Each structure stands twice: as structure tokens, then as C-alpha cells.
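Trainee: I am new to this structure and would be grateful for a close look at a single part of it. Please choose the part, and then place it beside its surroundings.

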Amino acid sequence: MKTLNLCAVFLVSLGLLTGCGSKDPDPNQYGSNIDLPTPKRGLLPNMTIAKPAEWGDQVPVVPEGFSITAIATDLRIPRQTLVLPNGDILVAEGRGGSAKALKPKDVIAGIIKAQGNTKVKSGNRLTLLRDSDGDGVYEQQGIFADNLNAPYGLALVDNNLYVANQDALVRFDYQEGMTEASGPPETLVELPKAINHHWTKALTASEDGRYLYVGIGSNSNITERGMDAEVNRAMVWQIDAQTGAYKPYATGLRNPTALAIQPGTDVLWAVVNERDELGPNLVPDYLTSVQEGGFYGWPWAYWGNNVDPRVRPENPEKVAQSITPDYSLGSHVAALGLDFSSEVMGPDFADGVFVGEHGSWNRSNPVGYKVIFVPFSDGRPSGPPIDFVTGFRGEDGKTRGRPVGVTLDPSGALIVADDLANTIWRVVRD
Amino acid sequence: MTVTVDRTYPGTLHPLHTLLLAGAVPLFLGAMLSDWAYSSSYQIQWTNFASWLIAGALLFTGLALLCAIVDWVRASSRHQYIFVYPLLLLVTWVLGFINALIHAKDAWATMPTGLVLSIIVAVLICATAWIGLTCWRTGGVK
């Protein structure tokens, strides 16, 4: 009882310090027409860190008519996956970043946030999963390539397997049926790698294979490492696959963590993680088509022309240029995975995108921790998101998994990488 | 009338206590100057300096406060204790701690509250150290 009282006192004081109660009201923050509260932050940021737990006999929850199984476990921090033409699945495993603590805050926040992540060592490798007899059991699991530097984005163009390490875009020769790379990769182009506060390098290829798109996250939450650290950051590069020549394709995208080309078009889509510490309902992470040459606000503005008061010197010109994204996913959900669906997922989930949400830290009531489906019609998002895979965060407040990459398997499945349980999940129609 | 300073007088602060108390002064002062530099230049490194200087100052004042409490417990039976010193030290520490939390915000979010608090705390620590280092002696003489 005494402990309970102490806990209550502690929670109440935390509530006072963070400038609000334990409940974060959920405003309407899905879609294109959303409510944005005024920025606020108490003396401490709102924080609820995932308490990891084992899955045991449990599995994530999927809609009726679907089932889910773990097809690979005991991986070393799986992030993104790629389904190869023969059905094999490549898994990029690792953890990057070399950002040193700049303030006492970074030391403390680092220790706290680490509680919600896996303790497994970075794999720095690609694992290949194979289901030879097509029974849905991936009986073969081997290392395709090793000694990579925090690989994340994956793309296959003809016989070229591109891997976006945290420091460089590299290329392997790939022949169908390969279970192991024939040698070390060659570097196509070096990517911005200093500090790497946001280290994940998202990757996708245009339908004709001529261009590769790489997402490069900002080097800070909101310029607290200085503007010099943000050169060539918070943008998407367009890279010529033949020559390695690159140019910024779109800028002001704080952390574009997953990219995908809309099938049958040359339109690039991205999910982007927005800034923290402006309150539980700011700033919404978003899904957007990426306009060539477009500027999406970071750091000076968010969701169009809303000024972020934390950035000095101010830049009204850039604020005025800032494009409003297409579709808000809600604040702090931490979208890390994106892929377009197709008919193979059934009529209810045929037209739209799947988004993997890693889950929040900067909120009293956690959000995210699931895979959602955003329905499309006429090539645009057309309705509220639908939960597709849930149960990663249980009713007991424990977190058993955190979704990252989502990939459509054209044979009729969704592949979900889980970097807390170090598991690959496969969702199929019954 | 000649005033002689007696180093072994029982009312004198312990050298470690003196060191901690006096050491906090340049730390808080440095934080204030760093905040002023950040607010006038937008160079982010100044606010990083301020954060660490405040953290160091909190460590020094915290330990000095501990020494003051020990002194108080040991001295209460023999002397009329000067309460204003530990009280001021406590106020300085609490305001300094709030200032540390303000400085944990990102970039310009520390301003202007961070600079205002840094000035208040710098003035407070000067006053506290002054009183702490003088009143003991007069308290002893009384």
C-alpha cells in the first residue's frame, strides 16, 4: 500500500512537471484535414517507454480471415525485408548511429529509451529465408552477406541487389536462387554518415530501375546539434543507378524512414517521422507522395506553414514554401515501414498501403505499436486507417514486439519485421 | 581594536565545504555567460556548455548543502546557527535544478527562460557564497 501511495505521488508530480495529466486526449489526426493543438512542453517531456516481454504462446492479432506465424526468430535486430523473385526473403539486420551525448539530457534519455529496445547486438548482415516447398514454413535460414554497416533499405533491380548501409549505398550481384553473396559488395555512392542521429537509410528503386531513392534522416530532433550538422540531411536523394550521381529529390523531410514507388506509376511515396517534444499531439508523422524539388518544412515548419519556435535563426521564406503532406498518421506513432498492397491481400485490403508503426515514447498514452492499412482510391489515400496487425502492446502494458518494415509478398502475404522480438512475422489470407 | 583572523576558529567552514561553495560560483556564472552567448549568436554549442556547467554547479552546491546540513547538526548545540546560508543554498539548488530541466529542452526552446533563470541563480550563488563565507566567522564571534 505504501508503495502504491508513493507511486501515485510520483505519477502526480510527473504529471505536474510535464504540464498535463496522465491522459492525452486524441484529437482528430488521421488523414489530410487534421486538428493541431498549440505546442506545449512541461519541465519534463511526456514519456512512456515500452516494457519488453516475451511473446510466449501469444501471437499478434490479425483481422478475421487472416492468420499470422513467425517464420524466423532469434535474428539480430531485423528492420527491413525484401521479397526476391523466387520467393526468398532477405532481412536487413542491425542498429546504427554514432551520435554522442551533447547534453546531460542525452545521457539520461539514452538510458531510459534503451529500456524499450532489444538488448541484442547489431547483426550488420543480411539473412536469407527460404520456403522450398511453399508450405509457409521457411525451413532454410542462412546468412546472405555479413560485415555490413547497419544495413536498412533494400532494393532489387534486375541482377543488382542494392543495400543502403548507414554510411553508403552498396551493390551486390544477385542471381536467382542464390543463398549467399558471391563476394563483398561494391560501393555505388557514399551516403551522409556523420553523427547519424537518425541513421536509417531507406531505399527504393523507380519502376524502370534507372533511379534509386534514398531517405536520409535529420541529425537531430530539432537542430539541437546545430545547423552545420544538417547539411545533406532530412531529405531524399535521387541516385542514378548506373553512375552513382545524386541530387536532392525532396527536402525538409525530417526522417523519411521508408520509401515506396506506387505500382504502375513513377510517384514516390514516403512515411516520415516528425519532431518530438512539442506535446503528446504534435507533430503528426505522415504518409505523403513526394514531389520532386518539394520542401516539406523541417526544421522551420511542420504540417505546412506551422512555425516551430525552437529553430533560430528564423526563416519565414522557407516556412512559406513548406508543403503540407498528404496524410497524417497521428503524432509519435513512429512509422518505419511502408509498402503498397495488391489484390493478393483480398478485396478489403487490395488498394492501399501498409504502414509499420514502431510506437511512441514521447506520450503518456502510447500510440503506434501496430501495422495499419491506409485505403486508397484513384491513387490517393481515401479513408481512415484500419488496424491490420495489433497486439504488439498488450492490455497488460507489456510490449512484446515493435513493427518496423512491412513488405508485400506477391504470393499473397505481408512480411512484418519485429525489432524487439527479433522475429519476422508473415500474415496470410486463410 | 585589531581584528585577527583565527584559522582554527571552530566557526570556520571546512576547506572542502569552502571549495565546493566557492567552486559553484564560476560554474553558475559560466552558465549564465554561455546562455547569453547562445541567445545573442544562436551558436548551439553555447547552450551545450551551459547545460554541463549547470550540472557541475548542481553537484557542487548539492555537496555544499550536505556539508551545511552536517555543520548545522554538529553546531546546533554550541552556536546560534545562521540559517540564512543553508536556506539560500537550498533555494539556489532548487532553482538551478529547474534551470537544468529547462536546459534539457531542444535548441531555442531553452530561451528566454533559461537565460533569466541563469541570471537569477548566478546572483543567488554569489550572495549565498558571500554569506556562507562571512557569517560563520561573525556568528562565531558573537
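Mentor: The following account begins with a pair of helices in chain B, moves to the contact between the chains, and ends with strands of chain A. Please bear in mind throughout that this is a predicted model.

The part chosen for the close look is the packing of two helices in chain B, H1(B), which covers residues 15-41, and H2(B), which covers residues 44-75. Two packed helices are described by the angle between their axes and the distance between the axes. In this pair the axes come within 8 Å and cross at roughly 160 degrees. An angle over 145 degrees counts as roughly antiparallel, and therefore H1(B) is roughly antiparallel to H2(B). As to handedness, the crossing in which H1(B) passes H2(B) is left-handed. What kinds of residues make up the contact of H1(B) with H2(B)? The residues there divide into 19 nonpolar, 8 polar and 1 charged.

H2(B) also takes part in the contact between the two chains. That contact draws 19 residues from chain A and 14 residues from chain B. On the side of chain B that touches chain A, at least two residues come from each of H2(B) and helix H3 (84-103) of chain B. The most is given by H2(B), with 5 residues. By character, the residues on this side of chain B are 10 nonpolar, 2 polar and 2 charged.

Chain A, the partner in this contact, may now be considered through some of its strands. Strand E20(A), residues 327-331, is mostly covered, with 5 of its 5 residues buried. Strand E17(A), residues 284-290, is joined to E20(A) by 4 bridges, and the two run antiparallel. Within this pairing, A:Ser328 of E20(A) has A:Tyr286 standing opposite.

Chain A also holds an open sheet of 4 strands, in the order E2-E29-E28-E27, with antiparallel pairing. Its edge strands are E2(A), residues 66-72, and E27(A), residues 403-409, each of which pairs on one side only. On average, and with direction ignored, neighbouring strands of this sheet are turned by 25 degrees against each other. The edge strand E27(A) pairs with E28(A), residues 413-418, over 5 bridges in the antiparallel sense. In E28(A), A:Ala413 is the bridge partner of A:Asp409.

To return to the part chosen at the outset, H2(B) packs against H1(B) with axes within 8 Å, and H2(B) also gives 5 residues to the side of chain B that touches chain A.

Terms used. Residues are numbered from 1 along each chain as its sequence is written. Chains are lettered from A and ligands numbered from 1 in the order in which they are written. This is a predicted model: local features need pLDDT of at least 70, side-chain atom pairs count only at pLDDT 80 or more; totals for chains, interfaces and linings use all residues. Two residues are in contact if their C-beta atoms, placed from the backbone, lie within 7 Å. Ala, Val, Leu, Ile, Met, Phe, Trp, Tyr, Cys and Pro count as nonpolar, Asp, Glu, Lys and Arg as charged, and the others, Gly among them, as polar. Axes are lines fitted to C-alpha atoms, for helices over the stretch in contact, and angles run from 0 to 180 degrees between N-to-C directions. Angles under 35 degrees count as roughly parallel, over 145 as roughly antiparallel, 65 to 115 as roughly perpendicular and the rest as oblique. A crossing is left-handed if the near helix is turned anticlockwise from the far one by less than a right angle, and right-handed if clockwise. A residue is buried if 20 or more other C-beta atoms lie within 10 Å of its own, exposed if 12 or fewer, and partly exposed in between; C-beta atoms are placed from the backbone. Two strands pair if DSSP finds at least two bridges between them.
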